[in-house]
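Work through the exercises below with the sequence and the 3D view open. Try each task before reading its solution.

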Amino acid sequence: MAIIIDDYGKVFTLHTKSTTYQMKADGQNVLLHAYYGERTDNSDKSLLSYRADRGFSGNPYQVGKHDRTYSLDSLPQEYSVFGTGDYRITALRVQNGDGSQAAELCYDGYQVRKGKYAVPGLPAVYGGEEAETLAVRLKDPYSCLEVELYYGVFEELDVITRAVKITNKGEGAVLLQKAATVNLDWEWGDFQWISFYGRHSMEMNMQRENIHHGVQSIGSVRGISSHQYNPFMILCEKGANEAMGGCYGFSFLYSGEFLMEAEKNQFGRTRLVCGIHPDNFAWTLEPEGVLWLPEVMMTYSGSGMGQMSRNFHKAIREHVCRGEWRDKRRPILINNWEATYFNFTGDDLVAIAREAKKLGVELFVMDDGWFGKREDDNSGLGDWTPNEKKLGCTLRELVERIHGEGMQFGIWLEPEGISEDSDLYRSHPEWAVNVPGRKPCLSRNQLILDFSREDVQDHIIKQISDLLDKVPITYVKWDMNRAVCDKFSRVLPPERQGEFAHRYVLGLYRVLEELTSRFPKVLIEGCAGGGGRFDAGMLYYTPQIWGSDTTDAVERLSIQYGASFGYPVSAMGSHVSTVPNHQTGRETPLFTRGCLAMAGTFGYELDVDKMTREEKAIVREQVETFKKYYHLLQHGDYYRITTPFEGSCTVWEVASPSGTEALISAVYHHVQPNPVMSWVKVQGLKEESKYQLFLYEGLMEDYPEEKLPYGFRPGEYISGASLKHSGFVLPSAVNEFQAWQVYIKECEE
Ligand code: DGJ
C-alpha cells in the first residue's frame, strides 16, 4: 500500500519507493502539510511544526481565545486560501455573492482507491494498478464551496501527482479569482529555485537563485505556456548537484497561462504555489458547477538532479505520452522548412525526398506554404486547401509521388492561426480573437482563432479530419506562431470573459483529444515557433515537440541541456540543418550536428541535393547509428555528465537500465591549444562487469590507433568500477565544435 491512513483517519501518508509525503487534518479540521522528502515512516510529522504566539499573525476565532500559538499565517497548509488569516501567497482566492473574499476550508472526509484518477478534459499522468489515488475533501462551512484535493501516487516512479476539483455546493454563484493546483509548504530548509527562461529561438536557459524573503515567480500570460518561462521548476537544497542533495521537481501538465511562485516568509518558511495564472482568470461557478484544475506532477530525489530528471523522463515517456507512437520507433524525417522556406514546387519536394531516401531517411515533411494563398507569412492561415498550382498537382498526387520514392508523408498545419487575408477570415471574422471595437495586436501579421468556441473547435476537427481521411498522412506538425492577447470571446457574456484563457486551452485539448482518438496512427509533433508550448500537457497529445527554431548545434547544446532537466530525449524535436547555420551563421561539423539531433527525435532539415558526396556518407552513417542505438538514445537512462557552461566539452550519456551498454556523446564547445583533458566518469554500469569502448567520430584519420587514449584500443577491457570511479579520458579536439560518440558495451574477456 502506498497510501497509509492512521487509525483516526486524520494522518495521510503517501509512500513511493524513495519518498514520503504527508498531511494531517488537525483538531481544528485544518488540513496541514506535514512532510515531503526522503522516504520515512508513517509517524505524525506535523508534531515537529513549531508554534508560538506570533504578533500580527492572527488566530482563527474558535481557537484564538485560548491558544494564540495557532495561526494560519504560520502553520504549513496543504491548500491555502486568501482572506482569512494566511497572509502569504495563497492557492485559492474566491469572491462570494456578497463581494467578500473569504473562504475557510475544513476537512470533510477522504477516499482511497486503486488506480489513478483522471482529470476530465485535461491531460493527466495515467497509470493502472501501479498507481493509487487519494482524494481529500475540504469544505467551506459558510459558502459550501467544496475543494477536493486529488493525489496520484506512483510508487515505482517516485512520482506524486496533484489535481483539484472545485464544486459549488452552495446556493449562490461564486467567483474563483485564483485557483492554483499546488500549495506546498516547508517548515524548514534553505532552498534554491531553478527555472528555465528564454525567448523565441533561445529557450530553456537555466537560472538558479536563492529563495529569499519576498515572492519569486515565473509564469505566462501569453495564452501559451511560452518560450519565456517553461512550466517546470526545481526547488533544491543549496549545494545540490547532479548526484547529491535534495531536489523537488514540479512539472505542470498545462499548455496555457501559468504561475509558479515561491515565498520565504517572516519565519523563514518556504511556500510554493503552482497553477493557472490568475491575471487572466476569473471563473464563475454557479450552484453545482464544477471546475477541475490542471495537474502538477511532482518528484523528489534525495540524490541530486540527475535522478530527479530520470524520474520525470520515465514518467513522461511511459505515463504521459500515449498512443501508438509512445513506444514505437518514430520515423527519421526530413523537413523542407530550412531547405526552401516558402519557395518550393512539388518537384522540389519530391527531389528532396528522393535524395533523403537514398540516405536512409524515412519520412518527408512538407512544412509551411503548401496551402491557400501562402507565399509568405502574411496570408492564408485558415485556408487548408492545397495550392495545386504551386505543388503542380493535387495533394493526393504529391503524396503518391513521395510514397513512390519509398518515403512516408507528413504535413505542417497551424490550426489555431488565422490570417486577415484568408477566405476563412472573410467568411468568419468573428472567429478571430479580438476585442470588438478595438484594433487587435498582430504578431507575424496573424490572428488567433477563438478556440474557446465550440463551433470553431468543430470546424477545425472537421477540416483536419477531412484532410487525414482523404490523404494518407503519417505525421502532422502542429504549429502555433503567436502569443494570445486581446482576450475576448464573442460567445461569452461579459461576466465570463475572465474564463477565456482557460477555455481556449480546454478547447485546444478537446480538438487534440478528438483527433488523436480518430487518427491514432498519425504522429503529431507539437510546435509553437519551436518551444513556445513545450510542456507536459502537450506531450499527452503530441509525444514530441519541436524544441526550438534554432537548429545551430552549439545553441542546441544549452537548449537541450536545459530541457533535459524535465523532459526526455524522446520529447525533444531536433534536426540536423545546413551550415553556415541560418540563425547564427556558425559552422559546425556535420557529425556534431548529428550528435545533437540524436539527443532528440532526430531528423534533417536541409537540402540533401546540395550536400557533397562526403557529407552524404556521414548522413548515411548517422542514420545507421541512430537506428542501431535507438533503444539507448530514446529509452535509456539519461545522465548529464558536464554542462555547456563550464570547461571545454559538454558530455551526456544514455545507459541501458540493465547497465549492459551506454552511449556517451561529447561536444567540444571550446577548443583550446595544449588542452586540459576531459574526463568522463561513466554512470549506470555494473561495477563488477567488464566493458569495451568504441569510438565514433567524423575525422577518425586524425587519431591513429596508437594515439588513442587508454581504453579505446581494440581488445582493451575496463571494469565497470573503473569506468565509474576513475572514468576515461576523451580524445581531445582538433577542430572547433568537434564531437565524439563513445559506445560502451559489456563484454566477456
Ligand atoms: C515555426 C516553426 O517552428 C518552424 O519550424 C516552421 O514550421 C515555421 N513556423 C513555418 O512557418
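The exercises treat a helix, some salt bridges, the ligand and a loop residue in a predicted model.

**Exercise 1. Helix α13**

Task: Compare the reach of helix α13 with the expected span, and state which of its residues are buried.

Solution:
- Step 1. Helix α13 covers residues 613-628, which is 16 residues.
- Step 2. From first C-alpha to last, α13 reaches 23 Å, close to the 22 Å expected at 1.5 Å a residue.
- Step 3. Buried means under 20% relative accessible area. In α13 the buried residues are Lys616, Val619, Gln622, Val623, Thr625 and Phe626.
- Step 4. The cover over these buried residues includes the helices α4 (346-358), α12 (590-598) and α14 (630-635). Strands also contribute, among them β29 (576-577), β30 (603-605) and β38 (739-746).

**Exercise 2. A salt bridge between distant parts of the chain**

Task: Locate the two partners of the salt bridge between Glu324 and Lys521, and classify each by its accessibility.

Solution:
- Step 1. The structure holds 51 salt bridges. In one of them, the side chains of Glu324 and Lys521 meet at 3.4 Å, N to O.
- Step 2. Glu324 sits in the loop between α2 (305-319) and β20 (333-335), while Lys521 sits in the loop between α9 (500-518) and β26 (523-526). The partners are 197 residues apart, and the pair links distant parts of the chain.
- Step 3. Glu324 has 30% relative accessibility, so this residue counts as partly exposed.
- Step 4. Lys521 has 57% relative accessibility and therefore counts as exposed, the cut-off being over 50%.

**Exercise 3. A salt bridge within one helix**

Task: State where Glu400 and Arg396 lie, and how many residues apart they are.

Solution:
- Step 1. Both residues belong to helix α6 (residues 395-404).
- Step 2. They are four residues apart, about one turn of the helix.
- Step 3. Their side chains form a salt bridge of 3.4 Å, N to O.
- Step 4. Glu400 is partly exposed because its relative accessibility is 45%. Arg396, at 41%, is also partly exposed.

**Exercise 4. Another pair and a network**

Task: Classify Arg326 and Asp327 by accessibility, then name the residues of a salt-bridge network.

Solution:
- Step 1. A salt bridge of 3.1 Å, N to O, joins the side chains of Arg326 and Asp327.
- Step 2. With a relative accessible area of 24%, Arg326 is partly exposed. Asp327 is partly exposed at 45%.
- Step 3. A network of salt bridges links Asp86, Arg88, Asp185 and Arg271.

**Exercise 5. The ligand**

Task: Which residues come nearest to the ligand, and how much of the ligand does the protein bury?

Solution:
- Step 1. There are 13 residues around the ligand, and Asp367, Asp368, Lys477, Asp479 and Asp549 come nearest.
- Step 2. A polar side-chain atom of Asp479 is 2.7 Å from a ligand nitrogen atom.
- Step 3. A side-chain N or O atom of Asp549 lies 2.3 Å from an oxygen atom of the ligand. For Gly530, a polar backbone atom is 3.1 Å from a ligand oxygen atom.
- Step 4. The ligand taken alone exposes 300 Å², and the protein buries 98% of that.

**Exercise 6. Ser303**

Task: Where is Ser303 found, and which residues does it contact beyond its neighbours within four places in sequence?

Solution:
- Step 1. Ser303 belongs to the loop between β19 (290-301) and α2.
- Step 2. At 39% relative accessibility, Ser303 counts as partly exposed.
- Step 3. Neighbours within four places in sequence aside, Ser303 contacts Glu242, Ala243, Met244 and Gly245.
- Step 4. Ser303 and Gly246 are 57 residues apart in sequence, with 6.2 Å between their C-alpha atoms.

Definitions and conventions: Residues are numbered from 1 along each chain as its sequence is written. This is a predicted model: local features need pLDDT of at least 70, side-chain atom pairs count only at pLDDT 80 or more; totals for chains, interfaces and linings use all residues. Side-chain values use heavy atoms; hydrogens and water are left out. Helices (H or I, at least four residues) and strands (E, at least two) are DSSP runs, numbered from the N terminus. The expected span of a helix is 1.5 Å times one less than its number of residues. Buried means under 20% relative accessible area, exposed over 50%, partly exposed in between (1.4 Å probe, protein chains only). Contact means heavy atoms within 4.5 Å. A salt bridge is a side-chain nitrogen of Lys or Arg within 4 Å of a carboxyl oxygen of Asp or Glu. A residue is near a molecule or strand if one of its heavy atoms lies within 4 Å of it. A polar contact is a pair of N or O atoms within 3.5 Å; within protein, one must be able to donate a hydrogen and the other to accept it, and residues adjacent in sequence count only if both atoms are side-chain atoms. Accessible areas come from the Shrake-Rupley method with a 1.4 Å probe; for residues, only the protein chains shown count as cover.
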